[in-house]
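Grab a pencil and open the model next to this page. Below are some short exercises, each with a worked solution, so have a go before you read on.

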Amino acid sequence: MLHEPAPGPLTAIAVAVRAGSRFDGAHPGIAHMAEHMLFQGTRGHDQAALNRRAGDLGGEHDADTGYEDMTLHFEVFDHDVEDALGLLAEQLFHSTVPEDRFHKERRVVIDEIRGRQEDPASVVHERAWSRFFGGPLGHPICGTIRSLRGMTSRAVRRFIARQFVPANMTLALVGGVPRARVRRAIARAFPIGGARPTPRPRLCLRGACGTVRLQRRDLAQSYLVRLAAAPPDARSVLALSLAIEIVGADPDARLFQEIRERLGLGYDVGASVEHGADWAVAVISASAAREHEGRLLDTVERTCRDAAAGFSSEELARARKKIRYRFARLADSRLERALAHAVRAVGRQPSLAEAATVLDALELPDVERAWRRALRAPTLTATLAG
């Protein structure tokens with residue numbers, strides 16, 4: 001449990017569970033399906049009563065699934081924290097996965113998957129990701145229509161029973177509730193002991209490199225995704241994040257200036273670093289008119305290569321300030337701060353304070369080295385066009 005006092009009338013509660021899609025096993029998408037089923041009925045409340053109870057407490061109540069973890073959160077008035085913790089514990093430890101609600105929710109998730117299949121940017125990202133990663137990370141978080149149709153409510157119950165144990169969880173609270181009240185509420189609502197943490201499934205990085213061209217007849221645009229493997233330690237991830245800020249998608253960054261401003265090739269440019277406990281990848285995305293597919297591919301590769309010549313101290317200063325700004329914004333959102341605390345702790349990542357210290361210590365040669373290392377790493381560039 002992590003508790004950060006923040007005077008005021010509200011407390012944000014976040015639970016991060018080591019139960020992301022990496023743990024799906026033989027049922028791709030089952031973690032995401034389990035997230036949906038947390039809201040479909042418990043031993044004490046059916047679906048309607050569960051949502052009415054959350055509404056009675058008046059807070060923001062939702063969940064999300066990623067590759068490494070699942071998060072469940074609630075933001076309520078300080079005096080409602082004990083009741084909110086009780087409701088969260090009921091969802092985490094006493095969800096029943098009713099058969100009728102499972103079939104209904106499975107249809108909802110299949111509809112969600114169909115929506116993603118109609119988005120070309122999502123399609124090329126998922127196809128590139130599946131070619132780049134094998135094993136536990138190689139499938140979409142939502143799974144596929146085929147995997148959902150083959151899934152059963154019994155399998156979801158087994159997944160929840162296996163993953164939803166205290167040893168796999170971190171609970172973070174940010175707000176005005178006194179710590180003693182939090183301890184009492186947790187002692188009442190949350191079980192003690194139980195199974196050990198679930199080992200993370202071993203990754204299989206295929207190391208696919210080069211270019212892949214995908215086609216879809218109805219497209220007037222060309223979509224590009226470039227993935228490059230990177231070291232997963234915190235210092236390397238932060239150094240690469242600074243490099244991505246310089247090379248990437250903001251109006252002052254090199255790719256944006258080249259694709260949008262100098263060549264006028266396309267509108268959408270994206271750049272980020274995604275990472276987990278033992279993996280990291282730099283992701284660059286862009287789009288252009290179908291007839292400019294070749295120019296877009298050449299421009300992205302040339303801009304990435306040219307950046308190996310080095311960055312200026314002014315570029316580094318701007319990039320560092322952007323990341324500091326994002327860290328500082330967390331102070332204005334109790335909920336986002338609680339989520340960041342919980343996710344970092346359950347993933348055994350440095351705390352926000354530790355990450356800020358590393359960020360301040362990084363120098364220009366560290367950032368340049370991180371970018372050059374990413375250029376030498378296994379890289380896959382995928383395009384989707386008509």
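**Exercise 1. In which order do the five strands of the open sheet lie, and which strands are at the edges?**

Keep in mind that you're looking at a predicted model.

Step 1: Walk across the open sheet and you meet its five strands in the order β8-β12-β9-β11-β10, with mixed pairing.

Step 2: Now look for strands that pair on one side only: these are β8 (210–215) and β10 (269–275), the edge strands.

Step 3: Check how neighbouring strands are turned against each other. Ignoring direction, the average angle is 15°.

**Exercise 2. Find the bridges that join β10 to β11, and say how the two strands run.**

Step 1: Count the bridges between β10 and β11 (residues 280–289), and you get seven.

Step 2: Follow the directions: the two strands run antiparallel.

Step 3: For one spot to click on, try Gly-270, which stands opposite Ser-285 in β11.

**Exercise 3. Which strands does α9 touch, and what angle does its direction make with that of β10?**

Step 1: Look at where α9 packs on the sheet: it touches β9 (221–230), β10 and β11.

Step 2: Compare directions, and α9 makes about 180° with β10.

Step 3: Now try another helix. α10 (residues 254–262) lies across β10 and β11, and runs at about 150° to β10.

**Exercise 4. Check the length of α9, then see how covered it is.**

Step 1: Helix α9 covers residues 234–247, which is 14 residues.

Step 2: At 1.5 Å a residue, the expected span is 20 Å. (The span is 1.5 Å times one less than the number of residues.)

Step 3: The end C-alpha atoms of α9 are 20 Å apart, so the model agrees with the expected span.

Step 4: Next, burial. A residue is buried if its relative accessible area is under 20%, and twelve of the 14 residues of α9 pass that test. Among them are Ser-236, Leu-240, Glu-245 and Val-247.

**Exercise 5. Val-97 and Arg-348: is each one buried or exposed?**

Step 1: Start with what makes them worth a look. Most residues other than glycine have a negative phi. Val-97, though, has a positive phi, near 50°, and Arg-348 has a positive one near 55°.

Step 2: Locate them. Val-97 is in the loop between α3 (81–94) and α4 (99–117), while Arg-348 is in the loop between α13 (334–346) and α14 (352–361).

Step 3: Apply the cut-offs, under 20% for buried and over 50% for exposed. Val-97 has a relative accessible area of 0%, so Val-97 is buried. Arg-348 comes out at 63%, so Arg-348 is exposed.

**Exercise 6. What lines the largest pocket and the largest cavity?**

Step 1: Take the largest pocket, with about 1,400 Å³ of space. Of its 44 lining residues, Val-273, His-275, Val-343, Arg-344 and Gln-349 are the closest to the centre.

Step 2: Sort the pocket lining by element. β3 (60–65), α9, β10, α12 (313–329), α13 and α14 each supply at least two residues.

Step 3: Turn to the cavities. There are two of 30 Å³ or more, and the largest holds about 60 Å³ of space. The residues that line this largest cavity include Glu-245, Ile-246, Glu-315 and Arg-318.

Step 4: Sort again by element. α9 and α12 give two or more residues to the lining of the largest cavity, and α12 gives the most, with four.

Key
Residues are numbered from 1 along each chain as its sequence is written. This is a predicted model: local features need pLDDT of at least 70, side-chain atom pairs count only at pLDDT 80 or more; totals for chains, interfaces and linings use all residues. Side-chain values use heavy atoms; hydrogens and water are left out. Buried means under 20% relative accessible area, exposed over 50%, partly exposed in between (1.4 Å probe, protein chains only). Two strands pair if DSSP finds at least two bridges between them. Axes are lines fitted to C-alpha atoms, for helices over the stretch in contact, and angles run from 0 to 180 degrees between N-to-C directions. Contact means heavy atoms within 4.5 Å. On a 1 Å grid over the protein atoms alone, a cavity is a set of points where a 1.4 Å probe fits but cannot get out, and a pocket is an open set with protein on both sides within 12 Å along at least five of seven lines; lining residues have an atom within 4 Å of a point. Grid points are joined across faces, edges and corners, and a volume is the space filled by probe spheres set on the points.
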